[in-house]
Amino acid sequence: PDAIQEQSSHEASSSSSQQSQPAHPPDLSDLGLSPQQTKPNPQLQARLDRRTHRLKVHQRLGLVTLVPMAATLVTGPMAKGKGRNGQPFVAPSDANLDFHAALGGLTAAMYFTTAWYAIDAPRIPGTHHRGPIRLHEALAFIHGPGMIATPILGMMAYQQEQNGERVHGAASAHGAVAGITIAAYAASIVAVTWPPKFFHRH
């Protein structure tokens, strides 16, 4: 009887000590992640920080660039000569041409500066773009070439009107190319900024 009582007392003591010991807290190893995988990576973090900074600048400059771009489109008719259907041709004033050309030059400079911040942002290995980001990048294949062609066609039109000629040939497509370029550019901004509750889920 004494042996049975002693054994029962020992088991009760062991059970009490096990209950009093705190449970092992869960950690990342419970998810199958090795210590190497969970180890901080300063190089990757620095790369992420640099990418985040440059894309933020890209976004802000992109919105600002929309202002001179729209102004250039609005002032376009001021830089066109007048006179159709046999009427005498009247070339636009030098002031209107210069003002429109200056806005176009400012737009081009800001556009390519904006693009550089996105191009220069470090890529993160293993990540893939999807949804509105893919649409944003796809539209760049429209407004990118458009931003190259528009100033070239504009300079051609400018030279023709400076010579007192009607705009003709490829230069006559300057306005249409500019309109398509701005529409694609605006759509690329809308794709990643509106509406946030649908496109930017956490």
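Helices (H or I, at least four residues) are DSSP runs, numbered from the N terminus. The structure described here is a predicted model, in which local features need pLDDT of at least 70 and side-chain atom pairs count only at pLDDT 80 or more, while totals for chains, interfaces and linings use all residues. Residues are numbered from 1 along each chain as its sequence is written, and side-chain values use heavy atoms, leaving out hydrogens and water.

A good place to start is the nonpolar surface patch of about 360 Å², made by Phe112, Ile148, Ile152 and Met156. Such a patch joins nonpolar side chains (Val, Leu, Ile, Met, Phe, Trp, Tyr) within 5 Å, from residues with over 30% relative accessible area and no salt bridge (a side-chain nitrogen of Lys or Arg within 4 Å of a carboxyl oxygen of Asp or Glu); areas come from the Shrake-Rupley method with a 1.4 Å probe. Helix H5 (residues 132-162) gives the largest share of the patch, 3 residues, and Ile152 lies in this helix.

Phe112 also leads to the aromatic rings. The whole structure holds 2 aromatic pairs, where ring centres lie within 6.5 Å and planes under 30 degrees apart count as stacked, over 60 as edge-to-face and the rest as tilted. Tyr111 and Phe112 are edge-to-face, because their centres are 5.1 Å apart and their planes stand at 90°. Tyr111 and Tyr185 form a tilted pair, with 5.8 Å between centres and 55° between planes. Tyr111 lies in helix H4 (residues 94-119) and Tyr185 in helix H6 (residues 174-193), so this pair ties together parts 74 residues apart in sequence. Both Tyr111 and Tyr185 are buried (under 20% relative accessible area), whereas Phe112, at 39%, is partly exposed (between 20% and 50%).

Technical notes. Phe/Tyr/Trp six-rings, centres within 6.5 Å; stacked < 30°, edge-to-face > 60°. Buried < 20%, exposed > 50% of the residue type's maximum accessible area, 1.4 Å probe, protein only. Helix = DSSP H or I, 4+ residues; strand = E, 2+ residues; numbered from the N terminus. Patch = residues over 30% accessible without salt bridge, like charges linked within 9 Å, V, L, I, M, F, W, Y side chains within 5 Å.
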